[in-house]
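Colleague: I'm new to this one and would like a close look at a single part of it. Could you pick one residue, walk me through its surroundings, and then show me how the rest of the chain fits around that?

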Amino acid sequence: QVQLVESGGGLVQAGGSLKLSCAASGRTFSSYRMGWFRQSPGKEREWVAAISRGAGNTDYADSVKGRFTISRDNAENTVYLQMNSLKPEDTAVYYCAADQTWTWSSITRSVNDYDHWGRGTQVTVSS
């Protein structure tokens, strides 16, 4: 089992930046592929970015491509989401998620593939 705790959210003006962190408990963090999702009031949870176990593969939703960067530090049991050029439509609760997999390079966009979730951190972008 892995427990996930997000941090780094807050209020920022449009065009600004934030860096989210997700700290994972346990000694097997490197066995999990990781993802970031977000959810706004009244909307379904939306996939944002994903990273493979070894960080060799990453993928992004079209809405954030070129602005957000996902990364991980397996030695620190942490996954990050660097968010630049933020827009008001990026306002949401951001969640990190983990899925244990044997495959070193695989990633997934599907919310149903992730077994472990954090409680989320609020990101608010003002116009």
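Modeller: Let's start with Thr78, which is buried, its relative accessible area being 10%. The cut-off for that word is under 20%, so 10% puts Thr78 on the buried side. Keep in mind as we go that this is a predicted model.

Where does Thr78 sit? Look for strand E8, which covers residues 78-83. The side chain of Thr78 has a polar partner: one of its polar atoms lies 2.8 Å from the backbone oxygen of Glu76. Now set aside the neighbours within four places in sequence, and Thr78 still touches Ser21, Cys22, Ala23, Phe29, Ser71, Arg72 and Asp73. Take Phe29 from that list. Thr78 and Phe29 are 49 residues apart along the chain, yet their C-alpha atoms are separated by 8.2 Å.

That sort of pairing fits the chain as a whole. Of the contacts with a separation of 6 or more, 61% are between residues 24 or more positions apart. The chain has 11 strands and 0 helices, so when you trace it along the sequence you read β-β-β-β-β-β-β-β-β-β-β. Its radius of gyration is 14 Å, close to the 14 Å that the globule rule gives for 127 residues, so the chain is as compact as a globular protein of that length. If you'd like dimensions, the C-alpha trace spans about 45 × 25 × 25 Å along its principal axes.

Thr78 has company in being buried, too: 46% of the 127 residues count that way. On the outside, the chain exposes about 6500 Å², with carbon and sulfur atoms supplying 44% of that area. As for charge, there are 13 positive and 12 negative ones, and their mean positions are 2 Å apart.

Some of those charged residues are worth a visit. Go to Arg33, in strand E4 (residues 32-39). Is Arg33 buried or exposed? Arg33 counts as buried, at 13% relative accessibility. The side chain of Arg33 has polar contacts with two others: one of 2.7 Å with the side chain of Asp99, and one of 3.1 Å with the side chain of Ser106.

From Arg33 you can hop across to Gly54. The two are 21 residues apart in sequence and 8.3 Å apart in space, C-alpha to C-alpha. Gly54 belongs to the loop between strand E5 (46-51) and E6. With a relative accessible area of 33%, Gly54 is partly exposed, whereas Arg33 is buried.

Follow the chain on from that loop into E6, residues 58-60, and you'll find Asp59. Asp59 counts as buried, at 18% relative accessibility; since the cut-off is under 20%, 18% still qualifies. Which side chain makes a polar contact with that of Asp59? The partner is Arg109, at 2.8 Å. Arg109 also shows up when you list what Asp59 touches beyond four places in sequence, together with Trp47, Val48, Ala49, Ala50 and Ile107.

So, back to where we began: Thr78 is buried, sits in strand E8, and counts Phe29 among its contacts from elsewhere in the sequence.

Key:
Residues numbered from 1 in each chain as written. Predicted model: local features only at pLDDT ≥ 70, side-chain atom pairs only at ≥ 80, totals over all residues. Heavy atoms only, no water. Helix = DSSP H or I, 4+ residues; strand = E, 2+ residues; numbered from the N terminus. Buried < 20%, exposed > 50% of the residue type's maximum accessible area, 1.4 Å probe, protein only. Polar contact = N/O pair within 3.5 Å; in protein donor to acceptor, adjacent residues only side chain to side chain. Contact = heavy atoms within 4.5 Å. Rg over C-alpha atoms; globule rule 2.2 N^0.38 Å. Areas by Shrake-Rupley, 256 points an atom, 1.4 Å probe, with all protein chains shown as cover. Lys, Arg positive; Asp, Glu negative; His and termini not counted. Charge placed at Lys NZ, Arg CZ, Asp CG, Glu CD.
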